[in-house]
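Thanks for coming. I will walk through one structure this morning, strand by strand, so please keep the picture in view while I talk.

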Amino acid sequence: MGQPEFWRQQRMRRFNLTAFLLLMLTAAGGSLLVYHENNSPEHQRIRAMEAENAELQKQVESEKAAKEKFKRFVQNLTSSTPVAEVVVRDPVYSDAAQTDVIGEYLVFTELDEQGKELSTREFRIKGKRAHIDAEVVKFDANYVEENDPEKGRSVVLFRSLYDQATPPSGAYEIDAEGQTPPMYQSSDPQIKQAQASLWKTFWKLVDDPNYRKDRGVRVAQGEGVWDDFDFGYKYRISVDAYGGPNITKVDLGAGIRNALKAHEQNTPATNVGTR
């Protein structure tokens with residue numbers, strides 16, 4: 001009984017060894033096949049194409065991001081914010097002709113960053129033409145590009161208003177020199193402090209290029225707008241993000257014009273500015 005069991009065990013050992021060797025050969029053959037396939041010229045070309053495609057995709061995404069950034073930059077550069085409005089109140093005509101305006105009241109209203117009215121003053125001018133002078137601070141392009149909350153657009157301080165018959169020395173004062181304009185009195189303490197410092201040092205910004213550079217200011221200078229102000233129109237003064245003030249004329253419409261004409265007969269001017 002011992003010998004048959006012995007031979008049976010020997011046969012089992014040989015069978016297991018043969019099966020193991022076959023399994024190893026199969027695995028080795030498979031590995032060789034995979035290695036051959038992965039390193040064949042065809043597979044190398046496929047991997048090169050995949051890598052090239054991935055690189056092209058990165059370039060496309062990068063170009064897309066750059067285009068979006070440039071688009072935002074252009075939008076910020078060309079954006080314009082209304083900062084004041086002017087309308088004519090009580091034009092005074094000559095005795096000879098109702099079309100000959102010899103003077104009028106201009107109602108000047110400053111606006112906040114949301115376009116809401118802040119303060120209104122009235123200025124009596126001779127004729128129809130008036131000049132509105134301002135101090136303007138324009139910031140470096142990178143601040144405008146990023147729409148920086150403090151320096152993302154040019155800011156103005158309206159200084160004076162005068163007609164064509166009056167020299168600038170006799171102009172009406174609008175906002176006091178060195179004060180933060182009402183439209184820029186932010187609720188953020190940090191921005192409010194920075195803006196106050198900006199206007200207190202305006203003339204240093206004008207005269208000192210190194211100081212302008214330190215403050216991120218591109219230009220600080222006096223600028224102005226002027227127009228012939230007609231009754232029945234609204235004149236909107238806006239500031240470009242990268243530039244200075246502009247003035248545009250808007251028709252109030254016949255209904256409002258007629259109402260103003262009816263109202264002007266009996267209503268005295270209020271809050272008139274002083275020279």
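Let me start with a small pairing: β5 and β6 run antiparallel to each other and are joined over two bridges. One place to find that pairing is L161, whose bridge partner in β6 is Y172. Before I go further, note that this is a predicted model.

Now the sheet around that pair. Four strands make up an open, antiparallel sheet, and their order is β6-β5-β4-β7. Which strands stand at the edges of this sheet? They are β6, residues 172-173, and β7, residues 217-228; each has a single partner strand, so one side of each is left without a neighbour in the sheet. As general background, strands of a sheet pair through backbone hydrogen bonds, either parallel or antiparallel.

Next to β6 in that order sits β5. How many of the residues of β5 are buried? Nine of its nine residues are, so to speak, under cover. On its other side, β5 pairs with β4, again antiparallel, over eight bridges. Within that pairing, V137 stands opposite V155 in β5.

The second sheet, then. Five strands form it, in the order β3-β2-β1-β8-β9, and this sheet is also open with antiparallel pairing. Its edge strands are β3, at 117-126, and β9, at 245-251, each of which pairs on one side only. Neighbouring strands here are turned against each other by 25° on average, ignoring direction.

Take one end of the sheet. β2, which covers residues 101-111, pairs with β3 over nine bridges in the antiparallel sense. You can pick out G103 there, standing opposite K126 in β3. The hairpin of β2 and β3 has five residues between the strands, and in this hairpin G115 takes a positive phi near 85°.

At the other end, β8, residues 233-240, pairs with β9 over seven bridges, antiparallel once more. The bridge partner of I237 in β9 is I247.

I want to stay with I237 for a moment. Leaving out neighbours within four places in sequence, its contacts include V83, V86, F108, I132, F158, V225 and I247. Which residues have the most contacts inside the largest nonpolar core? They are F108, I132, V137, V156, F158, L161 and I237, in a core of 36 residues. Strand β4, residues 129-139, gives the most to this core, namely six residues. As a general remark, nonpolar side chains tend to be buried together in soluble globular proteins.

Now some individual residues. N147 is in the loop between α3, residues 141-145, and β5, residues 155-163. N147 has a positive phi of about 55°, although it is not a glycine. For context, most residues other than glycine have a negative phi.

R153 is in the loop between α3 and β5 as well. Is R153 buried or exposed? Its relative accessible area is 18%, and the cut-off for buried is under 20%, so R153 counts as buried. What does R153 touch, if we do not count residues up to four places away in sequence? The list is T81, V83, E113, F139, Y184 and A241.

For contrast in setting, look at A254, which is in helix α7, residues 254-264. A254 has a relative accessibility of 47%, so it counts as partly exposed. The C-alpha atoms of A254 and G232 are 7.8 Å apart, and these residues are 22 positions from each other along the chain.

Last, the chain as a whole. It has seven helices and nine strands. Of its 275 residues, 33% count as buried. The chain exposes about 17100 Å², with 54% of that supplied by carbon and sulfur atoms. Taking contacts with a separation of 6 or more, 58% of them are between residues 24 or more positions apart.

To sum up, we have one open sheet of four strands and one of five, plus a largest nonpolar core of 36 residues. That is everything I had.

Notes: Residues numbered from 1 in each chain as written. Predicted model: local features only at pLDDT ≥ 70, side-chain atom pairs only at ≥ 80, totals over all residues. Heavy atoms only, no water. Pairing = 2+ DSSP bridges. Axes fitted to C-alpha atoms, helices over the stretch in contact; angles between N-to-C directions. Core = buried A, V, L, I, M, F, W, Y, C linked by side-chain atoms within 4.5 Å. Buried < 20%, exposed > 50% of the residue type's maximum accessible area, 1.4 Å probe, protein only. Contact = heavy atoms within 4.5 Å. Areas by Shrake-Rupley, 256 points an atom, 1.4 Å probe, with all protein chains shown as cover.
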